[in-house]
Amino acid sequence: MKEDDGTGPPNRELYALLHLSPEASDEEIRRAYRQWAQVYHPDKYQAPHMKEIATENFQRICEAYEILSDENKRQIYDIYGMEGLNSGLELGPKLNKVEEIKEQLEKLKRMKEQQKMSALFLPKGSIVANLSLPDFLDGDGIMRGMAMASAVQSQLSKSSALSLSGNLGVEENSGAGAASAVFRHQIASGSTIEFMGSVGLGSLIGVQMTRQLSLHSTATLGIAKSFHDGSINLSNVWTRQLSDTASGNIELLLGPQSSIGVGWQKKDQNTSAAGEFGTNSFGISARYTHRFSSKSHGRIAGRIGSAALEVEVGGGRKVSDFSTVRMLYTIGIRGIFWRFELHRGGQKLLIPILLSRDLNPVLATGAFVVPTSIYFILKKFVFKPYYLKREKQKALENMERTATQVQEARKAAAKAQQLLENVANRKRNKQQETGGLVITKAIYGNHKALKKGDERRETNDELASQVLDVTLPLNFLVNDSGQLKLHDGVKKSGIMGFCDPCPGEPKQLHVEYTYHGERYEVAVDDYEELIIPQIAHR
């Protein structure tokens with residue numbers, strides 16, 4: 001029995017098959033099993049082909065009931081899906097309790113994760129190339145400086161990690177670099193200790209401990225000795241979670257340059273803001289990011305403080321699963337800048353270009369308008385056509401790759417509907433007589449194909465192959481009270497009489513129905529709850 005494709009909540013196919021909520025009680029599971037057994041029990045059918053269809057679907061129902069009615073197996077299925085059950089860990093005299101099974105599976109999962117982590121380092125790095133147009137025009141060369149930083153982290157065990165990092169920087173005729181190592185160990189739940197050391201510019205050795213004081217508060221205490229001047233520095237930081245998206249901190253530094261600072265940060269999906277006030281400096285920054293689609297976004301940011309006063313606008317686009325490009329325009333007391341960014345995995349390439357040190361209104365306007373205009377022209381005539389062509393090609397390749405699987409799934413769904421037909425028609429006729437709920441039309445499949453409309457689907461074989469008529473199984477699922485409920489978090493392709501007509505593509509269910517003589521219409525996403533009738537659907 002197959003699970004879903006991983007695009008939504010996992011391990012729910014068996015619940016969909018029996019038309020149950022993931023929170024269903026044991027009694028609800030038994031009742032659902034009896035209802036489906038009455039429809040699909042092979043002894044109810046005499047014709048050989050009907051008996052064969054009934055036997056196939058009855059086995060699916062029995063398998064689902066066997067798993068969901070067993071407390072141990074159900075918990076394994078909810079956590080790990082069919083893969084966990086097929087591992088065989090639910091069997092044997094030593095694994096009879098739910099807690100024991102869960103513990104054993106967790107142990108196996110941790111071992112696999114540790115093996116994966118120990119085999120891989122987690123690399124991060126950045127390259128910053130500072131360019132200057134004024135210097136270039138003065139004949140001094142375009143490169144102002146360059147900086148490189150790289151870090152790798154390895155999870156040595158569940159509670160220990162080692163980080164190694166290094167950086168190099170060149171500015172005009174001077175340069176510097178440093179290498180550092182940090183060993184982090186979790187002493188207990190909520191407490192960690194870090195040993196750190198660095199050589200090069202700012203060489204030091206130190207240790208710091210972090211402890212969670214409460215659910216919303218943490219404290220960090222550190223001590224470090226500098227090899228540059230022999231000084232000892234003490235640091236103490238208190239951090240408190242102010243809300244779900246905001247936190248504040250107080251920092252005390254004791255040493256040659258003692259200071260006290262107070263800061264706060266607020267960050268959610270689209271916005272972030274931060275402020276810092278201290279004896280040596282102050283600053284406030286804010287940033288707003290708006291996502292135009294899953295692949296493109298715009299940003300506006302501002303910074304004001306003792307060393308900065310600037311505004312930044314720009315945007316970026318995701319060009320692949322791991323890569324994002326971004327262009328930003330900045331104007332402030334330091335001058336007028338363009339900044340180009342390429343992010344790929346944990347690597348970053350940043351190219352700030354100084355256009356002018358003076359705030360020339362004409363140059364400032366042109367530096368913003370010209371690249372913005374070029375971007376929108378390229379987006380309309382180059383990027384968008386290219387991405388549409390690429391997405392269409394991917395969709396076609398996916399259809400070709402899954403064609404056999406979809407064809408078999410459609411046949412299985414058609415067979416399942418064949419046995420539901422008599423009961424579904426009887427329920428429909430009863431609802432019609434009483435003016436109750438009647439599903440007049442229900443289509444499930446690719447949300448883009450659903451938006452094209454019936455006429456285009458009928459004349460386009462490609463669109464028609466990505467949807468499935470599920471009117472009959474939905475009429476079967478209408479209860480005696482004239483209501484229909486599809487549970488939240490359960491993928492609809494697992495419902496008896498359904499199938500997935502377009503694996504890997506976003507799907508919707510479009511339903512048209514009548515109730516008390518009135519026509520209604522509703523569309524829901526694949527994992528979204530559906531309850532009908534509702535007045536909001538008119």
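This is a short tour of a predicted model, from one helix to its neighbours and then to a separate stop.

Before you click: residues are numbered from 1 along each chain as its sequence is written, and side-chain values use heavy atoms, with hydrogens and water left out. Because the model is predicted, local features need pLDDT of at least 70 and side-chain atom pairs count only at pLDDT 80 or more, while totals for chains, interfaces and linings use all residues.

**Stop 1: α3.** Select residues 48-68, helix α3; helices here are DSSP runs of H or I, at least four residues, numbered from the N terminus. Its 21 residues should span 30 Å at 1.5 Å a residue, and the end C-alpha atoms are indeed 30 Å apart (the expected span is 1.5 Å times one less than the number of residues). Now colour its buried residues (under 20% relative accessible area, 1.4 Å probe, protein chains only): Met50, Ile53, Ala54, Asn57, Phe58, Ile61, Ala64, Ile67 and Leu68. Their cover includes α1 (13-17), α2 (26-40), α4 and α7.

**Stop 2: α3 against α7.** Add α7, residues 361-434. The two axes come within 10 Å and cross at roughly 110°, which makes α3 roughly perpendicular to α7 (65 to 115 degrees counts as such; axes are lines fitted to C-alpha atoms over the stretch in contact, with angles from 0 to 180 degrees between N-to-C directions). Look for His49, Met50, Ile53, Ala54, Glu56 and Asn57 of α3 meeting Lys415, Ala416, Gln418 and Leu419 of α7; contact means heavy atoms within 4.5 Å.

**Stop 3: Ala416.** Zoom in on this α7 residue. Is Ala416 buried or exposed? Buried, at 1% relative accessibility. Beyond its neighbours within four places in sequence, Ala416 touches Tyr40, Ile53, Asn57, Met496 and Gly497. Met496 is 80 residues away along the chain, yet the two C-alpha atoms are separated by 6.6 Å.

**Stop 4: α4.** Next, select residues 71-86. A straight helix of 16 residues would span 22 Å, but α4 spans only 16 Å between its end C-alpha atoms. Where does α4 bend? Go to Tyr80, with a bend of about 125° (the angle between axes fitted to the seven residues ending there and the seven starting there). Tyr80 is also one of the buried residues of α4. At the helix start, a side-chain oxygen of Asp70 reaches to within 3.0 Å of the backbone nitrogen of Asn72.

**Last stop: Asp135.** Find it in helix α6, residues 133-137. Asp135 is buried at 17%, and its contacts outside the nearest four places in sequence are Asp140, Gly141, Arg144 and Arg357.

Conventions
Helix = DSSP H or I, 4+ residues; strand = E, 2+ residues; numbered from the N terminus. Buried < 20%, exposed > 50% of the residue type's maximum accessible area, 1.4 Å probe, protein only. Polar contact = N/O pair within 3.5 Å; in protein donor to acceptor, adjacent residues only side chain to side chain. Parallel < 35°, antiparallel > 145°, perpendicular 65-115°, else oblique.
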